[in-house]
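Notebook open, model loaded. I want the overall fold sorted out before I go looking at the ligand.

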Amino acid sequence: MAGTDWSERGLCRTADPDDLFVEGAAQNRAKALCGGCGVRTECLAHALDERIEYGVWGGMTERERRALLRRRPTVRSWRRLLETARSEHERTARATTVTLKAS
Ligand code: SF4
């Protein structure tokens, strides 16, 4: 994850890299770390766009990423797709909050 702006904000920046490039049940511990990470979207998009084949990135194992790439072969930019999805989710959440406060 080194060499990217967002990577400096990743929860794993101080972790042992060997903890993220694990196999089997140890991947669940790595994925748990990603669950609370503020740059998870950027990290996952980077791994998908760069076709990174090893390690847990953005909460997904290499196997999970491969399956996702197979299901969505026409996606050209995962970064754009995931950032758009996040923006829409945030907009919906704000609208819901306003509606609940008004009622
Ligand atoms: S999502 Fe996971 S692998 Fe990516 S920067 Fe955050 S903690 Fe590290």
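What share of the contacts in the protein chain with a separation of 6 or more comes from residues 24 or more positions apart? I looked it up, and the share is 53%. Note to self: this is a predicted model.

**Entry 1: the chain as a whole**

I went through the secondary structure and got four helices and zero strands for the protein chain. Read along the sequence, that gives me the pattern α-α-α-α. I also put a box around the C-alpha atoms along the principal axes, and it came out at roughly 50 × 35 × 30 Å. Then I checked burial: of the 103 residues in the protein chain, 19% are buried.

**Entry 2: around the ligand**

Next I asked which residues come nearest to the ligand. The shell has 16 residues, and Gly10, Cys12, Cys34, Cys37 and Cys43 come nearest. Two elements give two or more residues to this shell: helix H1, residues 26-35, and helix H2, residues 40-49. I sorted the shell by residue type as well, and I have eleven nonpolar, four polar and one charged.

**Entry 3: what the record says**

I pulled the UniProt annotations, keeping in mind that the entry is unreviewed. UniProt lists residues 11-67 as "domain: 4Fe-4S Wbl-type". In the model I found that span to be 46% helix and 0% strand, with its end C-alpha atoms 25 Å apart.

The same unreviewed entry has a "binding site" annotation on Cys12, Cys34, Cys37 and Cys43. These four are spread over 32 residues of sequence, yet they cluster in space, with a largest C-alpha distance of 11.0 Å. I note that Cys12, Cys34, Cys37 and Cys43 are also among the residues that come nearest to the ligand.

**Entry 4: a look at two of the cysteines**

Where does Cys12 sit? I found it in the segment before H1. Cys37, for its part, lies in the loop between H1 and H2.

Is Cys12 buried or exposed? I count 19 C-beta neighbours inside 10 Å, so Cys12 goes down as partly exposed. A residue needs 20 or more to be called buried. I ran the count for Cys37 too: with 19 other C-beta atoms within 10 Å, Cys37 is partly exposed.

Last check of the day: which residues does Cys37 touch, not counting those up to four places away in sequence? I get Gly10 and Leu11. Gly10 was already in my notes, as one of the residues that come nearest to the ligand.

Notes: Residues are numbered from 1 along each chain as its sequence is written. This is a predicted model: local features need pLDDT of at least 70, side-chain atom pairs count only at pLDDT 80 or more; totals for chains, interfaces and linings use all residues. A residue is near a molecule or strand if its C-beta atom, placed from the backbone, lies within 6 Å of it. Ala, Val, Leu, Ile, Met, Phe, Trp, Tyr, Cys and Pro count as nonpolar, Asp, Glu, Lys and Arg as charged, and the others, Gly among them, as polar. UniProt positions are given in the numbering used here, feature names are shortened, and annotations may be inferred rather than shown by experiment. A residue is buried if 20 or more other C-beta atoms lie within 10 Å of its own, exposed if 12 or fewer, and partly exposed in between; C-beta atoms are placed from the backbone. Two residues are in contact if their C-beta atoms, placed from the backbone, lie within 7 Å.
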